[in-house]
Amino acid sequence: MKRNLFIFPVLAVFLFILSAIPVFADDGDEYKLDKTGHFKYELSEEGLTITSYEGSDKEVIIPDEIDGYKVSVIGKKAFKDNTTMTSVVIPEGVSNIKAEAFYGCNALSHIEFNAKNCTVTAANTYDGNAGAFSGAGSASPNGLEVIFGEKVSKVPDNLFDTASLDGVNHHNGHPYAYVTSVTFSPGIKEIGSWSFRGCRELETLVFGGKEQTIGEEAFWGCAAIKELNFGDALTSIGESAFSGNTALESITWGQNLDLIDEYAFSGCTALPKVTFVNPLTTISKGAFSNCTALKEVVLPETLNSLQAEAFYGCINLNHIEVECKNLSVTAANTYDGNAGVFSGAGSASVKGLEVIFGAKAAKVPDNMFDTASLDGVNHHNGHPYAYVTSVTFKDGVKEIGSFSFRNCQSLETINFGENIQSIGEQSFWGCSALTELVFNKELSSIGEKAFSDNTGLEKIIWGENLDSIGNDAFSDCISLTKVHFVNPITTIGSGAFRNCKALKKVILPESLTNLGAEAFYGCVGLNQLIVQSVNLSVPEANTYHGNAGVFSSAGSGSATGFEVVFYTGVKTVPANILDTASLDGVNHHNGYEHAYVTSIVCASTVTEVGDRAFRSCQSLEKIHFYGKDVAFGEEVFDNCVNPSFRIEGPANGTLQTAAGENNITFKSNSEKEVMPEMEEPEKATPAPASDNTAETWTCPKGHTGNTGKYCSECGTKKPE
């Protein structure tokens, strides 16, 4: 009996020891089973980790605690391939969800997420991990609804991400999460990066209204979302946050949005219109690139940064309104590989792209619609130009920035408004569809190459306060036939009208004081030059400086060459004005052809001819002076080699003496002075006052109420 009595205490001790021995899973990892028999778990430095779920409940509530320990981690593959579970509640204390934790839970239709400070293992091709919820909800009739609890302040990075890093629409062969509806609580302030990336069936987003930031690629590739209504707390939208949302049709912006990051809405191919609101300051690189349905854009007053390719490839864009007061635009730049902000925009629109700068836009930004490369190619680095066809500047606009419409080859119409004072460098370079320019009366300066290579330009009406025309401002405008400058212009820069081959008549006004080198070089069609300038300075043709003469080769394409008239009021013929000879004595300047002047007329007011004024005018046949006393400077007639060259004018004065001293034939001629009749320069015709009775028309597709040349709905041109 004593021996038997001893057995019971020993057995009790043995059972106690046995109960303390941990259970091991098949793979050797230590785990414990909770009292319900549903959750296997292990303890570590991370806290309690649920390693697997052994229950069969459809509605699973993960407890806050198991066996007195707070639940901290939902382990890798913990619920993997559970096809019974239809809903799950994730508690507040969960701090980490491992890869593939709910992988393949295809019956899952509802998730309540309450974790306050949770991280989620990223779907990662390199590590071979699928997303935590890959394939979840795929067998649910309505997909998977997700609700975030009141205490959640941040949606974790990677939460429902199943997309791979190589851009495939699922991760490394694993299916995406079939999330169809997400509701954010008012407690949420941040939506993490990649949190819903690749959730292609996500249709409904209900924002809590307190979200301040939306992270990088948060909703990338969510191709079923049609509408976004952002709250007023939102300040920033991250890089590629909604990229590839191909069903997105409508966006309501919050009242405090400051930043739209790079490619945030790129490839949103169903989005028709974006009207941004203050206080937005930044639209980053490629933010709306390739939004091919986008037709209308309104840029707000506060916007101060518009970055490269922001609206690249928006081929149906037909209307832009700009109200920005202080906007900076990234330059199209070959070296940086950036195309223009609007490269290709409007190219599929019937009427092209109409741009209106509102009353608040004091300056048109540098580079705004520029697509030209720095190497002079007619598009930037292979990218198409912006198909701007019409530009209107409201009366608040005072300055047009440099390169602002460079290479807009389809631009046909510019309405300069009333108050533009300056036009910047290369602002309209290469705008080959422009045929007419009507400048406003406040314009004082036109920058270097501002209208260079406007090959279709035929006519210019100058403003009444223009002071200076920059270097090469109208060079290669090969269709321009006449320029009648008006006072108070003082400066025409070097090469300003270089190679304007169709230019036939030039009138230089009284106020002009500076005429730059090669200003009319290559104007081969020139047949008349009238000079009214009373105090004009002209640079010398100079080998060392590499400058040809102001009129080198001018008139060479005219059957009769060109006639020059120094008009009544001119006292001094400017030195160098028709000089094309080099200082080394060659009969043309540094390889450049001489000015093909055949006849010169000097009014009776002319009493002096400056140095080298007619040097190397090899085709010159005669100079007619109406005054008899004229003083000549040095080298005035050097290399005037036409055998029939003569000077005509009244006899018995210094004019006749000078002819003899220079071995030039003199012909006495005392005809009554006759100057060409000076026509008034053409002025802009004031626009008729609006009477609000504009005729409307209906397009062939039935759209009514149209007043312009094109249908406001579909772009169809008005029938003739």
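This report describes the confidence, nonpolar cores, cysteines, salt bridges and unusual backbone geometry of a predicted model.

**Confidence**

The protein chain has an average pLDDT of 89, and 86% of the residues score at least 70. Two stretches fall below 50 and call for separate mention: residues 1–29, for which the model shows eight contacts beyond near neighbours in sequence, and residues 583–590, for which it shows 27 such contacts.

**Nonpolar cores**

In soluble globular proteins, nonpolar side chains tend to be buried together. In this model the largest nonpolar core has 182 residues, and those with the most contacts inside it are Phe265, Phe311, Phe474, Phe520 and Phe614. The surroundings of Phe614 can be given in detail: once its neighbours within four places in sequence are left aside, Phe614 is in contact with Phe566, Val573, Leu578, Ile600 and Val609, and also with Ile623, Val636, Phe637 and Cys640. Apart from the largest core lies another core, of eight residues, which includes Ile507, Val565, Ala603 and Tyr626.

**Cysteines**

The number of disulfides in the model is zero. Two cysteines illustrate this count. For Cys408, the nearest cysteine sulfur is that of Cys431, at 5.3 Å, and because a disulfide requires two cysteine sulfur atoms within 2.5 Å, a separation of 5.3 Å leaves Cys408 in no disulfide. Cys408 is also buried, its relative accessible area being 0%. For Cys523, the nearest cysteine sulfur belongs to Cys500 and is 5.1 Å away, and Cys523 is likewise in no disulfide. Cys523 is buried as well, with a relative accessible area of 0%.

**Salt bridges**

The structure holds 27 salt bridges, and the table below sets out three of them with the closest distance between nitrogen and oxygen and the relative accessibility of each partner.

| Acidic residue | Basic residue | N to O distance |
|---|---|---|
| Glu65, 43% relative accessibility | Lys70, 60% relative accessibility | 3.9 Å |
| Glu92, 33% relative accessibility | Lys116, 39% relative accessibility | 3.7 Å |
| Asp366, 29% relative accessibility | Lys363, 32% relative accessibility | 3.5 Å |

In the pair of Glu65 and Lys70, the acidic partner Glu65 counts as partly exposed, whereas Lys70 counts as exposed. For the bridge between Glu92 and Lys116, Glu92 is partly exposed, and Lys116 is partly exposed too. This pair links distant parts of the chain, its members being 24 residues apart: Glu92 sits in the loop between β8 (87–90) and β9 (96–97), while Lys116 sits in the loop between β10 (110–113) and β11 (119–120). In the bridge that joins Asp366 to Lys363, Asp366 counts as partly exposed, and so does Lys363. Elsewhere, Glu540, Asp579, Arg612, Arg615 and Glu635 are joined into one network through salt bridges that share partners.

**Backbone geometry**

Most residues other than glycine have a negative phi, and most peptide bonds are trans. Against that background, several places in this model deserve attention. The peptide bond from Asn278 to Pro279 is cis, with omega near 10 degrees, and Pro279 lies in the loop between β22 (273–275) and β23 (282–283). A cis peptide bond also joins Asn487 and Pro488, where omega is about 15 degrees; Pro488 is placed in the loop between β38 (482–484) and β39 (491–492).

Positive phi values are found at Asp81 and Ser553, neither of which is a glycine. At Asp81 the phi is about 60 degrees, and this residue is located in the loop between β7 (69–74) and β8. Asp81 is partly exposed, with a relative accessible area of 46%. At Ser553 the phi is near 65 degrees, and the residue is found in the loop between β42 (528–531) and β43 (562–566). Ser553 counts as buried, at 5% relative accessibility, whereas Asp81, at 46%, counts as partly exposed.

How values were computed: Residues are numbered from 1 along each chain as its sequence is written. This is a predicted model: local features need pLDDT of at least 70, side-chain atom pairs count only at pLDDT 80 or more; totals for chains, interfaces and linings use all residues. Side-chain values use heavy atoms; hydrogens and water are left out. Buried means under 20% relative accessible area, exposed over 50%, partly exposed in between (1.4 Å probe, protein chains only). A salt bridge is a side-chain nitrogen of Lys or Arg within 4 Å of a carboxyl oxygen of Asp or Glu. Helices (H or I, at least four residues) and strands (E, at least two) are DSSP runs, numbered from the N terminus. A nonpolar core is a set of buried Ala, Val, Leu, Ile, Met, Phe, Trp, Tyr and Cys residues joined through side-chain atoms within 4.5 Å. Contact means heavy atoms within 4.5 Å. pLDDT is the predictor's confidence in each residue, from 0 to 100.
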